[in-house]
Amino acid sequence: MQCDPDQLPLAGDELDVLAQMVAAQGQPLQAQAIIELGCGNARLSCSLVQRYAQCTVTGLEVDAVQHAKNLARAPAGVTFVAAGAQDVPFGDATFDLALMLKSLHHVPLDLMDQALREVARVLRPGSLFYVSEPIYGGALNEIVRLYNDEGLVRPAAQAALDRAIAKGEHWQQMAEHRFAQAVHYASFDEFAKRMLYPTFADHGIDEAITQRVREAFEPHCTAEGASFVRPMHVRLFKRGA
């Protein structure tokens, strides 16, 4: 999907977006058992339990390096488990809210439908499922796609959600929202450290790729670094009875 990030409202903290959207459905963040699938560094979930102390979060992650980092700094209220969304190691109807934050498009294409069935299985009837995915567009995306083009997997994630709704077995879409997130890098070196070498993937970075990415990045640099906005698309679903 093409999108002009400049036309989207800027959200300072996605936790505010999440809190507002679930509260609008009559399910405010209070004393909920939450699961985040593909949690990465679980930044939002860690902030969530600090703001809403009666909530608990279980974060699933398949990247062994990131999972070890998570375990080493797990805050009270957050539990980390090494597992993927396609095979959730919990019983039926265990959780009150599920989150996938920029993670559904990382699920293998042939396992996306299975992952959504697993989310439905572990949620209690009437619970909400918050899916936040980056939109394929914007200046930052033009740089990233030089070494990691997600032009296939991001639409595939949305198509998987559409199929889940069309089947009518588990999900009803309740709301959706598009917004932009500010992203800043102090220098190209910081961008390279954060973006070119993630522990969950090998992008085959070599000197030629690094130079192409640098040439695309540097026109955005000022004395303060490079600032971008990342367009996001949230879809909120309710688990049927």
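Start by selecting residues 153–167: that's helix α6, 15 residues long. Keep in mind as you look around that this is a predicted model. From its first C-alpha to its last, α6 reaches 21 Å, close to the 21 Å expected at 1.5 Å a residue.

Now color the buried residues of α6: R154, A156, A157, Q158, A160, L161 and A164. What covers them? Show the neighbors, and you'll find that the cover includes two helices, α4 (112–122) and α5 (139–144), along with strands β5 (123–134), β6 (171–185) and β8 (225–239). Then step just past the end of α6 to G168, where phi is positive, near 65°.

Next, hop over to α5 and click on N141. Is N141 buried or exposed? Its relative accessibility is 8%, so N141 counts as buried. Leaving aside residues up to four places away in sequence, N141 touches Y136 and R154. You've met R154 already, as one of the buried residues in α6.

For the last stop, select α7 (residues 188–196) together with α8 (residues 207–217). These two helices pack at an angle of about 125°, their axes 11 Å apart. That angle makes α7 oblique to α8. Turn the view until one helix lies over the other: α7 passes α8 in a right-handed crossing.

Show the side chains where they meet. From α7 come F188, D189, F191 and L196, and from α8 come T210, V213, R214 and F217. Sorted by type, the residues of this contact are five nonpolar, one polar and two charged.

Definitions and conventions:
Residues numbered from 1 in each chain as written. Predicted model: local features only at pLDDT ≥ 70, side-chain atom pairs only at ≥ 80, totals over all residues. Heavy atoms only, no water. Helix = DSSP H or I, 4+ residues; strand = E, 2+ residues; numbered from the N terminus. Expected span 1.5 Å × (residues − 1). Buried < 20%, exposed > 50% of the residue type's maximum accessible area, 1.4 Å probe, protein only. Contact = heavy atoms within 4.5 Å. Axes fitted to C-alpha atoms, helices over the stretch in contact; angles between N-to-C directions. Parallel < 35°, antiparallel > 145°, perpendicular 65-115°, else oblique. Left-handed = near helix turned anticlockwise from the far one by under 90°. Nonpolar A, V, L, I, M, F, W, Y, C, P; charged D, E, K, R; others polar.
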